[in-house]
Amino acid sequence: MSLHRHVRMCREGWYYTIVLGFIVGGAVLREVNLLFVLAAVMMGPLFFSWRLARHSLESLRITRRIPRRGYAGHALPVEYELTNERQGASSWGVVVRDAPRRGPERPAEPPVAVFFPHVAPGQTCLESTSWRPLRRGRYQFATLTTSTRFPFGLVEARQERPGPHEVLIAPAPGRLLRDWTRWSDRPGDGSESASQRRGQREGDYYGLREWRPGDSRRWIHWRSSARQGRLTTLQFEDQRRDELVLLADLWIPQQPTTADWERVEVALSFLVTVVLDATRVARHALYVGLAGSSARGWSLTASSGARDELLDALAEWQPGPQPDLAAAWQRRSGVGPSGRLVVVSTRALHQGGMNLPPGSEASRGWPAGTHFRWLEVGSPEMASCFALPDANRAAEADLAAPSAPADSTTRSVDPARSGPAPANGGEA
Amino acid sequence: MTVERRLQIVLVLLSILGTILLGLGENDSLIPLAMLVAAPCAAIFTDGLGWLRLNRPLANIAALAAVGYTVVDFLRNGAQNQLLAIANLLLYLQLILLFQEKNLRVYWQLLVLSLLEVVVAAAMNLSFHFGVLLLLYLALALIALVLQFVLRESRRWSSRPEQAMTELLKSGALRPVYLVGLVTIVFSLAMFYATPRIQGTSWVGSGRSGARSVGFSRNVSLDEMGRILESHELAMRVSFFDPVNNVPYLLAGQTYFRGAVLTRYSEQIAGRWSPSARRDTMHLPWSPERVPTLVAQEIWLEPTATPTLFSVAPAFRLHDTPQDVVFEPKSGELQRSYAPPLIARQRWQYRLATTGLLNGRSLPLIPDQLAAGTIRRQELYAEIRDCEHFDRRRFPQLAATAEQILREAGALDADRIRKARILEAHFLHSGIYTYSLDFRFPRQPGMDPIEDFIGRHHTGHCEYFATALVLMLRSQKIPARLVVGYKGGEYNAVGNYLLVRQDDAHAWVEVHLESEEVDLLNIPGWHYRGEGAWWRLDPTPAARDIDQTTGSWRTHWDQALDYAEFLWSDYVQGMGPERQRQSLYDPLLTPWREQAAHWLDIRLWPRRLAELARTLRFRVLSSPLYYAGLILLVVLVGWLVHRHHGPALRRAVWERWQRLRLAWKRLRPRAAATTPTVAFYRQFEDLLAKAGQRRPAHLTPREWLDQMATLHGSAAADGEPVAVRAPAGSAAAPALPSRQQFLGAARQLVDQFYRVRYSQTSLAPDEQQEIEQALAVVGQFVRAGREAGMAV
C-alpha cells in the first residue's frame with residue numbers, strides 16, 4: 001500500500017511564519033541580536049511542529065468499515081479503527097478523513113471525519129461516525145486521509161493511503177400512503193381462492209429479524225431475543241399468489257430540466273419504497289421492470305437475493321428519452337389472474353412516442369384479471385399514494401435508530417479480539 | 001478546570017508578561033501596571049462572570065480610535081518614539097480584545113499581539129532580564145499554542161469536544177511541550193550562534209535608553225560643592241590569568257588600574273588638572289619573554305566617553321591585543337586610537353599583559369620606558385620638567401606646610417624617597433585630614449581649593465589628597481604627577497573576574513625616580529634593573545581590601561547574577577561578526593584548517609601513512625577508547641537497524657533461531673542431559689553411538705550396561721575384565737573379542753567412570769593402560785559388529 005505523505009503549513013502557521021519573517025528581517029536590517037534570539041526561539045516550535053506532526057503519523061494502521069449499501073438521505077454508520085504500531089510514542093489529535101465521491105463529482109462536503117484524541121503505543125482505538133449521502137449512485141471511497149496538527153497547530157502532517165471501497169446508495173425510500181396500501185391489499189376479482197397459504201403458519205420459515213411494532217407477538221423468538229437483548233421475531237415467506245408487477249417508465253426529454261430529473265428521482269424513490277415494503281411485509285410476489293436508458297426486469301420474493309440486485313440497479317439506473325416498456329415487460333413470464341400492474345412514469349399515459357407492451361392499448365392488452373394502474377409522477381393520484389421523506393424526519397429517525405449512531409464514539413479495542421468486518425461491510 | 005478556562009488564564013499571563021517586557025524596554029512601569037490590573041479583571045468579569053463584554057461594533061470603534069490616536073502619535077514623534085507608538089497600539093488592541101467575548105479567532109489574535117509586543121520589546125530592551133523573561137514567555141506561549149490546538153481540533157472534528165479535550169490533556173498532550181521547550185532552547189542557541197553576522201560591527205541595536213557610558217573623565221576639578229554621590233554603576237570587568245595556560249590568577253590585595261595621567265595643574269582655573277601638551281601615541285611594546293611575573297589581563301570596558309583605557313601598569317601587547325590599543329610613551333597612558341560613536345556605545349574588550357603584579361598585589365613601580373627605547377631622553381626630561389612645575393606664590397600655605405613637615409621629621413636634606421614617604425605618611429597617619437565626599441561647608445572664596453584643604457578644612461576625597469601630595473612633592477623639587485583610574489573592585493568567584501564600579505574610581509600620585517633611587521627601594525620582583533621608574537604613592541586614607549568573602553547566599557546570588565548578565569551582554573547582546581569569529585568560528589575551524597593544510601601536503605604522506613599504521617597497531621587497537629567507540633558504533637548501528645527494520649528483523653532472527661534449535665535437537669537429541677564428563681567414558685559412548693547404541697537419558701550408565709547385558713545374555717554380564725593383547729613379538733592380528741569380553745570391558749569402563757566421576761580420584765598409570773585396552777576391546781567389537789552388519 002503506497003502512502004503519500006506531505007506536510008503543509010496551516011493558516012496559523014503562515015501567520016506565525018509571517019511574524020517570524022518580520023522579526024528576522026528586523027534583526028538583520030537593524031542588526032539587533034535580541035531580535036535574532038527571539039527569531040531563533042520562534043523557529044524551534046515551528047521546526048518541532050513539523051517533526052512531531054510527521055512523526056505522529058508514522059506506523060499508524062487504519063481500517064475502515066462501512067456497509068456496502070445504503071439509501072439516499074439516510075445515515076450510514078462508518079467505523080474507523082486506528083492502531084498505533086509504534087513501540088514508545090503516542091499519537092495525539094489524529095483526524096481520519098474520507099471523501100466519498102460520486103462519479104466525477106467533487107467530494108462531498110463536509111467530509112466524513114473522525115477524531116482520535118490519543119492513541120497510545122500499541123493501542124487500537126475505534127471511532128464511528130455517520131455518513132449521510134444525499135443522492136443515489138455509486139460512491140467511491142478512494143483515499144483515506146490521516147492528518148494531525150499536533151502539538152501546536154502550526155503545521156499539518158498528512159498521509160493519504162489508498163483505501164478503495166464502493167458504496168451503492170439506492171434512491172431515498174419514502175412513505176406509502178393509505179390509498180396505495182388499500183389498493184395493493186385489496187384482493188383481486190374472484191381470486192380469493194388463489195391466495196390461500198400453502199406453507200405452514202403464515203408461510204415457510206425464512207429467517208429471523210428484529211421485531212417491529214405491528215408484528216405479531218406470536219412469532220417472537222424468545223430465545224434469540226434473550227440472547228441478542230432485543231425482540232426478535234420469526235420471518236416467513238408469504239406464499240400467497242398475490243402478484244404485483246411494477247413497471248417504471250423513466251422517461252426524460254432530450255434536454256432535461258432540473259424538474260425532469262427530480263421527477264425521475266421521485267419515481268425511483270417510489271419504486272424503492274414499494275420494493276422495500278413488499279419484501280419486508282412479504283405479502284406480494286413482485287415483479288419490477290425498469291425502462292430507461294435500457295430495460296430490465298426482476299422477480300422478487302422475500303428470500304431471493306434479487307432485492308439487493310434491484311436496489312443496486314436502482315442506485316445507478318439512468319432515465320432515457322425512449323424508455324422501452326415493452327422490453328421491460330417481455331422479461332416477465334406473465335401475470336397471474338389476481339395480479340396488479342402498476343406503471344410509475346415520469347410522463348402522462350397518452351403522451352406520444354410511448355413504446356407500450358404489444359396490444360396494450362389502454363388496459364385491454366393486459367392479461368385477464370390484471371388490475372392496471374398508471375401513476376404519473378406529480379399527478380394527484382401519485383400524491384395520494386406516495387410521499388417523499390421529510391429530511392428532518394429522516395434525521396430524527398436516524399438519531400432514534402440504535403443501529404445508526406449519529407455521534408462518533410471512541411473505544412479502545414484489543415487488537416487480538418477485534419473481529420472481522422461485518423458481512424455487509426468493507427475494509428480499507 | 002476546562003481547557004478553555006486554562007487557555008484564558010495562560011493568555012492573561014502572556015499578556016501581562018508581554019507588557020512587562022514592553023515596560024522594561026520603554027523604561028515605563030505604567031504599562032505593566034495597567035495590564036496587571038486589566039487582564040485579571042477581564043479574566044474574571046468578561047470570561048468568568050460574563051458581566052462586561054464589548055460587543056463587536058463597540059470593539060471595532062474602540063480599535064479604530066486606538067489606531068487613529070496611534071497614527072497621530074506616530075507622525076508627531078521621532079523614530080525612537082514611533083516604535084513606542086506602535087507598542088502602545090499593541091497594548092490598546094490587546095486590552096480591547098481582552099474585554100471581548102472570546103472565540104478561537106480572539107484567542108489567536110491575543111497571542112499574536114502579545115508576540116508582537118515581545119518583538120517591539122526586543123528591539124528596545126538590551127538587558128539580561130529580557131532573556132530570563134523570554135524563557136518564561138516561551139514556556140507560556142508553547143502551552144497556549146497546545147491548548148489552542150486542543151480546543152480548535154476538538155471543536156472542529158469531535159462530536160463530543162469536551163470529552164476529547166479532557167482525553168487529550170489527560171493523555172499527556174502537554175508533555176511534549178517540556179521537551180520541545182528544552183530542545184528549542186538548544187536549537188535557538190545553535191541557530192543564534194551558527195547564523196553568520198556578515199555585516200555591521202555590532203548587533204547590539206539602539207535600545208530605548210540610547211548610549212550609556214561610564215562617568216570617567218580625564219579632567220579633574222576640585223571646585224565642587226555639596227555632597228558628591230557615588231555611582232555604583234559598572235565601569236569594567238577584569239580577569240587575570242596566566243598567559244601560557246590560561247589558569248586564573250588570584251589577587252591578594254588592591255589593584256591599581258591606571259587611567260589618565262595628569263601633569264598640569266591649571267594656572268587659570270583653580271583646582272583644575274589637565275594632561276600635558278599634545279602627546280604622540282604608539283603601539284604597545286610586545287610582552288617580555290621569560291618573565292615569571294607576566295600576567296595576562298582581559299578587560300571588558302563599559303561604554304565610555306573618553307578614549308582612555310585602563311589596565312594594571314606596565315601594560316604590554318599580546319598576540320590578540322586589538323590594534324586600536326595605543327599608549328603615550330611619556331605618560332604610559334593607554335588609549336584607544338579609533339573610537340567611532342557606534343563603537344564607543346558598546347562594551348569593549350581587550351587583552352594585555354603586565355609585569356606589575358607580584359603575589360597578587362600591584363607593584364608600586366612602573367618603568368619609565370627609557371631603557372626600553374620607547375621614549376627618548378629629551379621627551380622624558382620634558383615630562384619630568386612638567387612634573388616639577390610649581391608656583392610658590394600660588395600655594396604658600398602648602399609649601400610652608402611641606403617644609404614644616406620635613407623639618408619636623410628632620411628630613412629637609414634627606415633624599416627624595418624619604419621626603420616622599422614622609423609627606424605621604426603625613427596625609428595617611430597624621431590624623432589631621434578626613435576623607436569625605438560631603439562638601440557642604442563654607443569654602444574660602446578666591447582661595448585655591450588645595451590651599452583651602454591644607455590650611456583650613458582638611459576634608460576631601462582622593463583627588464584632594466593626591467593633588468596636595470603632588471604639589472608638596474613638587475615644592476620639594478620632586479617630579480610628581482596625578483594619575484586617575486580605578487582601585488580595588490569586587491571579586492566575582494563565579495566568573496573569576498574583578499568587578500570594578502564607578503565608586504572604585506581613585507586618584508593617586510606618581511613620582512619619578514632615577515635608576516639608583518629605584519635600586520634603593522629594593523622592591524622584590526622588580527625586573528627592570530638600571531631603569532628609572534615612576535613610583536606610586538597613595539596618600540588617601542581609608543583604603544579597603546578586595547572583598548573576596550563569598551559566605552552568604554546573597555553574595556553568591558549577586559555574583560552569579562552579575563556573571564549571567566556579563567555572559568548575556570558578551571555572548572548574546574554583543575554577538576557581532578568579530579565576536580562570532582573569535583568565539584565560534586576560530587575555535588571550530590582553525591584545527592580543521594590546520595589539519596586540512598597538513599593533509600594536503602603530499603610530501604608528508606609517506607611518513608604520515610607510516611605513522612598511521614603504527615598508531616593503529618600500537619595505540620588505537622590497545623586503547624580502551626577504541627573499543628568503547630567500536631561498541632558505541634555497534635550499538636548505534638543496532639539501534640538504527642532496530643528503528644527501521646525492528647519487527648521484521650526480530651521475526652527473521654527468531655525464525656532462524658528456531659530453525660537452528662530444531663536442527664540441533666535433531667542432531668543431538670538430549671545431548672545436554674546425557675553428555676558424560678569423563679573423557680574415556682565419553683569415548684566409550686561415542687564408540688557405541690557409532691554402532692547405533694545411545695544411552696537413553698533416563699538410564700544411568702550402569703543401568704544401561706545392565707540393559708545391554710540382559711540383551712546379550714545375563715551370564716555374560718558377569719564376565720571378568722579381559723585384556724586382548726597380541727602376544728609379544730607376534731605379528732599376527734589380535735583375535736576378535738567375544739561378546740563376553742566386550743561386556744567385561746564395558747563393565748570395567750563403567751566402574752572406572754563411577755570411581756573417577758564421583759570419588760574425585762585420578763587413575764593410576766596401570767589403570768589407564770587397562771582402560772585403554774578395554775576401549776580397544778570395545779572398539780574392535782564395535783567394528784567387527786559393523787563389518788558383520790550386526791547390532792552390538
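**Exercise 1: Getting to know the two chains**

Work out what share of the contacts in chain B between residues at least 6 apart in sequence join residues at least 24 apart.

*Solution.*
- Step 1. Take the contacts in chain B between residues at least 6 apart in sequence; 75% of them join residues at least 24 apart. Keep in mind that this is a predicted model.
- Step 2. Now do the same for chain A: among its contacts between residues at least 6 apart in sequence, 75% link residues at least 24 apart.
- Step 3. Add the secondary structure. Chain B comes to 25 helices and 24 strands, while chain A comes to 9 helices and 21 strands.
- Step 4. Look at burial. Chain B has 792 residues, and 47% of them count as buried. For chain A, with 428 residues, the buried share is 51%.

**Exercise 2: Where the chains meet**

Describe the contact between chain A and chain B: how many residues does each chain bring, and what area is buried?

*Solution.*
- Step 1. Count the residues: 44 come from chain A and 57 from chain B.
- Step 2. Turn to area. The size of an interface is often given as the accessible area lost when the parts come together. Here, about 4,500 Å² is buried between chain A and chain B, with carbon and sulfur atoms giving 73% of that.
- Step 3. Check for pairings across the interface. There's 1 salt bridge between chain A and chain B. A:Glu12 makes a salt bridge with B:Arg152, and their closest N and O atoms are 3.5 Å apart. The interface also has 2 residue pairs in polar contact, counting pairs with both residues at pLDDT 80 or more.
- Step 4. See which elements of chain A are involved. α1 (11-30), α2 (33-56), β5 (91-98), β7 (112-119) and β20 (409-413) each supply at least two residues of the side that touches chain B. The most comes from α2(A), with 16 residues.
- Step 5. Sort the residues on that side of chain A by kind: 29 are nonpolar, 8 polar and 7 charged.

**Exercise 3: An arginine in strand β5**

Find A:Arg97 and decide: is it buried or exposed?

*Solution.*
- Step 1. Locate it: A:Arg97 sits in strand β5 of chain A.
- Step 2. Check its accessibility. The relative value is 13%, so A:Arg97 counts as buried, given that buried means under 20%.
- Step 3. List its contacts, setting aside neighbours within four places in sequence. Among them are A:Pro111, A:Val112, A:Thr143, A:Glu156 and A:Arg158 from chain A, along with B:Trp157 from chain B.
- Step 4. Pick out a polar contact: the side chains of A:Arg97 and A:Ser147 are joined at 2.7 Å.

**Exercise 4: An arginine in helix α17**

Place B:Arg581 in chain B, then say which residues it touches beyond those up to four places away in sequence.

*Solution.*
- Step 1. B:Arg581 lies in helix α17 (residues 577-600) of chain B.
- Step 2. Its relative accessible area is 34%, so B:Arg581 is partly exposed.
- Step 3. Leaving out residues up to four places away, B:Arg581 touches B:Asp586 and B:Pro587.
- Step 4. Now try a C-alpha distance. B:Arg581 and B:Pro196 are 385 residues apart along the chain, yet their C-alpha atoms are separated by 9.0 Å.

**Exercise 5: Cysteines**

How many disulfides does the structure hold over all chains?

*Solution.*
- Step 1. Recall that a disulfide is a covalent bond between the sulfur atoms of two cysteines.
- Step 2. Over all chains, the count is 0.
- Step 3. Look at two cysteines of chain B. B:Cys387 is buried, because its relative accessible area is 0%. B:Cys41 counts as partly exposed, because its relative accessibility is 27%.

Terms used
Residues are numbered from 1 along each chain as its sequence is written. Chains are lettered from A and ligands numbered from 1 in the order in which they are written. This is a predicted model: local features need pLDDT of at least 70, side-chain atom pairs count only at pLDDT 80 or more; totals for chains, interfaces and linings use all residues. Side-chain values use heavy atoms; hydrogens and water are left out. Contact means heavy atoms within 4.5 Å. Buried area is the accessible area (1.4 Å probe) that two parts lose on being put together, summed over both. A salt bridge is a side-chain nitrogen of Lys or Arg within 4 Å of a carboxyl oxygen of Asp or Glu. A polar contact is a pair of N or O atoms within 3.5 Å; within protein, one must be able to donate a hydrogen and the other to accept it, and residues adjacent in sequence count only if both atoms are side-chain atoms. Helices (H or I, at least four residues) and strands (E, at least two) are DSSP runs, numbered from the N terminus. Ala, Val, Leu, Ile, Met, Phe, Trp, Tyr, Cys and Pro count as nonpolar, Asp, Glu, Lys and Arg as charged, and the others, Gly among them, as polar. Buried means under 20% relative accessible area, exposed over 50%, partly exposed in between (1.4 Å probe, protein chains only). A disulfide is a pair of cysteine sulfur atoms within 2.5 Å.
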